[in-house]
Amino acid sequence: MEIKIFDTPDAVAPACADEFTSLLSSKDYCILGLATGASPVPTYRELIKRFNAGVISFKHASSFNLDEYVGLPRSDKNSYYTFMHENLFNSVDINEKNVHILNGNAEDTEKECADYDAAIDAAGGIDIQLLGIGTNGHIGFNEPSDAFSDGTFKVKLTDSTVQSNSIYFTESAMPRYALTMGINSIMKAKKIVLIATGTSKAEAIKNAVKGEVTPRCPASVLQKHPNCIFFLDRAAASLL
Ligand code: GLP
């Protein structure tokens with residue numbers, strides 16, 4: 001894995017956006033793996049800026065998002081469906097029919113997950129997968145556990161993730177489950193870019209980069225990916 005460290009969180013976004021810019025400019029059709037959370041927002045802003053300047057277009061791209069909460073209506077302000085539309089899709093020229101986000105309200109979640117993996121494979125696989133990282137080392141919603149997950153699946157959120165989410169939800173509305181691409185689905189991406197900023201991520205980054213490869217820190221599996229770049233600010237990199 002390659003590690004790139006920047007002085008400030010603001011300096012991370014243009015560098016990470018460059019990865020998307022060169023892919024979108026060099027391939028006839030791109031499959032983008034996208035992520036939610038605060039970490040990728042500056043990168044999305046930068047991509048919107050470049051779209052508005054005529055530098056990039058999403059007309060010839062499809063997207064697959066990493067994860068979605070179970071039981072939240074898509075219209076909920078905290079659904080990842082709403083997040084992606086507000087932070088990227090509504091501001092660029094991606095065709096809505098090429099946007100794929102897991103349906104956390106599907107009646108048959110197993111089928112929803114299997115169909116999602118099949119759709120990624122049918123599209124030719126993900127060219128570039130964007131990731132954030134949870135303070136407990138999770139990627140997507142692959143929480144620390146005894147074994148690395150395989151394909152897309154339904155997961156129970158850990159207490160630490162529920163705690164991190166408490167800034168967004170009231171206790172009664174707090175989602176306890178999510179659908180997420182599995183570790184194997186993520187590792188199949190041709191390229192992976194992970195963004196982490198701030199001291200709250202320093203421990204997770206240390207474990208992911210320098211620790212043993214273990215499902216107790218799901219992001220540590222990225223050490224085994226042949227084409228993975230971590231984009232960090234000094235604070236997130238402070239324990240390396
Ligand atoms: C959620 C998302 C992850 C994200 C993580 C960190 O758990 N499912 O994909 O990486 O939050 O979010 P943030 O970037 O807001 O710290």
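These legends describe close-up views of a predicted model.

Residues are numbered from 1 along each chain as its sequence is written, and side-chain values use heavy atoms, without hydrogens or water. Local features need pLDDT of at least 70 and side-chain atom pairs pLDDT 80 or more, while totals for chains, interfaces and linings use all residues.

**View 1. The ligand and its shell.** The residues around the ligand are Gly37, Ala38, Ser39, Asp67, Tyr80, Gly132, Ile133, His138, Gly140, Phe141 and Lys201. Each has a heavy atom within 4 Å of the ligand. Four of these shell residues are nonpolar, five are polar and two are charged. Here Gly counts as polar, Tyr as nonpolar, and Asp and Lys as charged.

**View 2. Polar atoms beside the ligand.** A polar side-chain atom of Ser39 lies 2.5 Å from a ligand oxygen atom. A polar backbone atom of Ala38 is 2.7 Å from an oxygen atom of the ligand. At Gly140, a polar backbone atom is 3.2 Å from a ligand nitrogen atom. On its own, the ligand has 390 Å² of accessible area (Shrake-Rupley method, 1.4 Å probe). The protein covers 87% of that area.

**View 3. Two cysteines without a disulfide.** A disulfide is a covalent bond between the sulfur atoms of two cysteines. The structure holds zero disulfides (cysteine sulfur pairs within 2.5 Å). Cys16 is in no disulfide, and its nearest cysteine sulfur, that of Cys228, is 11 Å away. Why is the sulfur of Cys228 in no bond with Cys16? The 11 Å between them is too far for a bond. Cys16 is buried (under 20% relative accessible area, 1.4 Å probe, protein chains only), at 0%. Cys228 is buried too, at 4%.

Terms used
Buried means under 20% relative accessible area, exposed over 50%, partly exposed in between (1.4 Å probe, protein chains only). A polar contact is a pair of N or O atoms within 3.5 Å; within protein, one must be able to donate a hydrogen and the other to accept it, and residues adjacent in sequence count only if both atoms are side-chain atoms.
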